[in-house]
Amino acid sequence: MSNTAKIRYEYLLEQIKLHDLAYYKFDNPTISDYEYDELYRELINIEKSHPDWILSDSPSQKVSGENNATFTAVEHLSPMLSLNNGLNSLDIESFDRRCKEGSNLTEIEYCCELKFDGLAISLLYENGFFVRAATRGDGLVGENVTNNVLTISSIPRELKTTNRPTRVEIRGEVFMSHQDFKDLNDRQERLGLKKFANPRNAAAGSLRQLDHHITAQRKLSFFAYGVGDIVPESKRPRTHMELLNQFEEMGFDICTEKAVVNSYIGLIDFYERIGRKRNLLPYDIDGVVYKVNDYKVQNKLGFLSRAPRFAIAHKFPPAEEITRVLAIELQVGRTGAITPVARLEPVIVGGVTVTNATLHNESEILRKDIRVTDQVIVRRAGDVIPEVLSVVMASRSISAELFRMPNLCPICHSQIIKLDGEVIARCSGGLFCPAQRKQAIMHFASRKAMNIEGLGEKLIEQMIDTHLINTPADLYRLGFKELMEFDRMDSKDKKLASNLLSAIENSKKTTLAKLIFSLGIRHVGETTAKDLAKRFKSLSALLEVNFETLIQVKDVGPVVANSILIFMSQSHNREVINQLISMGIDPLVDIVDDLTEHPLFGKTIVITGTLPTLSRDQAISLIEGSGGIVSGSISKKTNYLLAGDSAGSKLEKAISLTITILSESELLRMIESK
C-alpha cells in the first residue's frame with residue numbers, strides 16, 4: 001500500500017509542477033482551479049501520512065510560480081505568499097476555529113475582500129516615488145515588469161498622501177475588466193490575431209510583453225489590497241481595513257466590495273452576498289478572501305511554509321450546463337501524456353461559449369462512463385478549463401459505445417503505454433514523436449544533459465518548424481552551410497553559427513551519465529543515470545539490458561526498470577540512439593577507484609552561497625565523485641556545510657547545530673588528500 005501511495009505521490013508532484021509551469025510561466029492553464037485544488041489537497045493528505053517524503057521543492061513547501069528568464073529577477077523585500085483555499089463552509093468554520101485557538105481569543109474580527117482573477121504584483125515606493133514593479137514569481141523572487149506597469153494609469157507615480165513611509169511594497173492585482181477584455185478581443189479579431197481565452201490570460205500576457213508599447217495598447221486595471229515591507233514599521237496601520245483606507249489616500253484604486261465581520265456567520269453572509277452579485281461585477285472573481293483584521297493578531301498566528309495562517313480564500317463553486325458529446329479525440333502533450341478531449345455541442349457556461357472539455361484520462365472516462373452522443377453536465381471549475389462532470393443517463397442512446405484508449409499515438413503511431421500505478425497513458429515515441437520533439441531536444445541540449453550552449457528554446461523551435469532537425473541526432477549532422485541558410489542566421493553573424501557548431505561538437509566530450517540523462521527516459525533523473533552508467537559502462541550495453549539486470553541497480557525498482565525497457569524497446573528510440581553512437585557519442589565510464597577510505601566517503605554535505613571558483617554543479621560533481629552525498633537541507637545528520645559568499649539561513653542553522661563549515665579551498669584539499 002505504501003508503494004502505491006509513493007507512486008501516486010510522485011505522480012501528484014509531477015502533475016502539480018507541470019500545471020504550475022503552464023499557469024504561471026506560460027499564462028496558459030491546462031486544468032481548472034477546482035481540479036488543481038483537488039490535486040493539491042490529495043498531495044497534502046499524503047504528506048500528512050508520510051511527512052518523511054516531503055522535500056524542499058514540494059508544492060506544499062513553496063509558493064507556486066516560476067520566473068521567465070526574459071525578465072530581470074527582482075528579490076521581494078518580504079515574501080509574497082499564496083493563500084490556502086476553502087471550498088465549503090466546513091473549511092471556513094475550521095479556519096475560524098484555528099484562528100481563535102492560535103490567538104487565544106473567543107472572538108476575532110475579519111476583513112472580507114474579493115479574490116480577483118488576475119496577476120499579483122508588488123510595487124516598490126521609496127520616499128513616496130514609484131521605483132519598480134515585480135510579479136510574484138516563486139514568492140521570493142519575481143520578474144521586473146516596471147516598464148509595463150508604468151502604462152497602467154490607475155497606478156500612481158507618486159503617493160498622494162503626505163504621511164509617506166520611507167519605503168513600502170504595495171501588493172495588489174493587475175486585471176482586465178469585462179469591457180476592456182471585449183474591446184481587446186474585438187481588436188485582435190479585426191487584426192486577424194488570436195483571441196484571448198479569458199481576462200486573466202489577457203492581463204497576464206499583456207503584463208509580460210517585452211515591448212511595453214504593446215502593454216500600453218491593452219487597458220489594464222489595478223486594485224491595491226496589501227503591503228509587504230514597510231519602513232518605518234510605525235507607518236503600518238493597526239488593522240487591514242485601515243490599510244485599505246490609506247491606499248485611497250495614497251491614490252490607489254481599491255475594491256469597494258469589502259466588509260469587517262466578527263464571526264463565522266459573518267464570513268458566510270459576505271460570501272453568499274458576493275455570490276449573488278458575482279455575475280453583475282465588471283471584472284472576474286473566483287471567490288472571496290478572509291483576513292484577520294488586527295495586524296497584532298496576524299503576527300501572533302504567523303505563517304506556514306507557503307501561506308499565512310491568518311487568511312484564507314473561499315472559492316466559488318463552478319458554473320454548470322448540459323450539452324452533448326460530439327466526439328472524443330486525443331491530444332498529445334509535450335511530455336507524451338495522452339489527454340482525451342470531448343468535442344461538444346457549443347453551450348454557454350458562465351458567460352463563455354464552451355466547445356471542448358478535458359476528460360483527463362481513460363480511467364476517468366470509464367469511471368464516469370462518458371460516451372459519444374451522450375448528454376453531459378459541463379462545468380467551468382474555477383472559470384478556466386471546462387470539464388465533463390457527469391452523464392445524463394436518462395437520455396443515453398442505445399447505440400452509444402464504450403470508450404477504449406487506442407493502442408497507437410494519433411501523431412506518430414508509436415505504442416501508447418500506461419505503467420502500473422499510473423493513470424496517465426503516454427506516447428512511447430519520446431525521441432521521435434512530433435508532439436514531443438521540441439521538449440525532447442530542449443532536454444537533450446540542456447545544461448545538465450549534453451550542455452549545448454547557445455541552443456535555446458526559440459532556436460530549437462525554429463529549426464523544428466523548418467524541418468532542419470527532427471531528432472537529437474540531427475544536431476550532429478548540422479553544418480555551417482545549413483545554419484547560414486537558416487532564418488535565424490545571416491551573413492552578418494557567422495560567429496553565431498560557428499559558436500553553435502563548436503558547442504555541438506564539444507558536447508560529444510561528455511560523460512555516459514549525462515548522455516543517458518539527456519535521452520529523457522521517464523523516471524530516469526541525474527542520480528539514476530549515474531547509477532546506470534556505473535553499472536553498464538556504455539550506452540550500447542544499456543540497449544541490451546533485461547528486467548532482472550536492471551532491478552539490481554541501486555534505486556531502480558520495477559517502475560523505473562519497466563520505463564527504461566519500454567523506452568529502449570521502441571524501434572525509433574533505438575534508431576536515434578544508434579545514430580548517436582555511430583557519430584562517436586558513446587563515452588565509456590572510467591573505472592572508479594575504491595572510495596571507502598576517502599575522507600568524504602558517505603559524508604552528507606550541504607552547499608550554500610556563491611563559491612569563489614566552482615559552480616554548484618562542479619562542486620556537486622566533485623563531492624559525489626569522492627563518495628560524498630549532497631543534500632539540499634541542513635539537519636543533525638549533516639556532516640559538513642560548504643559555504644560561499646552570501647551564505648544565509650543555512651549557515652546560521654549549521655552553526656547552531658555545531659556542523660563543520662568548509663570553504664571551497666578546504667573542500668578541494670580534502671578531495672585531493674586521497
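Mentor: Accessible areas here come from the Shrake-Rupley method with a 1.4 Å probe, and for residues, only the protein chains shown count as cover. This is a predicted model, where local features need pLDDT of at least 70 and side-chain atom pairs count only at 80 or more, while totals for chains, interfaces and linings use all residues. Residues are numbered from 1 along each chain as its sequence is written, and side-chain values use heavy atoms, leaving out hydrogens and water.

Trainee: How much area does the chain expose, and what share do carbon and sulfur atoms supply?

Mentor: The exposed area is about 32600 Å². Of that, carbon and sulfur atoms supply 50%.

Trainee: What radius of gyration does the chain have?

Mentor: Take it over C-alpha atoms and use the globule rule, 2.2 Å times the number of residues to the power 0.38. With 674 residues, a compact globule would come out near 26 Å, which agrees with the chain's own value of 27 Å.

Trainee: Which residues touch the most other members of the largest nonpolar core?

Mentor: Such a core is a set of buried Ala, Val, Leu, Ile, Met, Phe, Trp, Tyr and Cys residues joined through side-chain atoms within 4.5 Å. Buried means under 20% relative accessible area, exposed over 50%, and partly exposed in between (1.4 Å probe, protein chains only). Among the 54 residues in this core, the ones you want are Ile452, Tyr476 and Leu532.

Trainee: Leaving aside neighbours within four places in sequence, which residues is Leu532 in contact with?

Mentor: Contact means heavy atoms within 4.5 Å. With those neighbours set aside, the partners of Leu532 are Ile516, Val524, Lys537, Leu542, Leu550, Val553, Val556 and Ile564.

Trainee: Is Asp369 buried or partly exposed?

Mentor: Find Asp369 in the loop between α11 (362-368) and β15 (375-380); helices (H or I, at least four residues) and strands (E, at least two) are DSSP runs, numbered from the N terminus. Asp369 has a positive phi of about 55 degrees, although it is not a glycine. Its relative accessibility is 18%, so Asp369 counts as buried.

Trainee: And Asn451, what is its relative accessible area?

Mentor: Asn451 sits in the loop between α12 (434-445) and α13 (457-465). Its phi is positive too, near 55 degrees, in a residue other than glycine. Asn451 is partly exposed, with a relative accessible area of 41%.

Trainee: Which peptide bond is cis, with omega near 0 degrees?

Mentor: Look at the loop between β8 (221-231) and α8 (240-250), where Pro232 is found. The cis bond runs from Val231 to Pro232.
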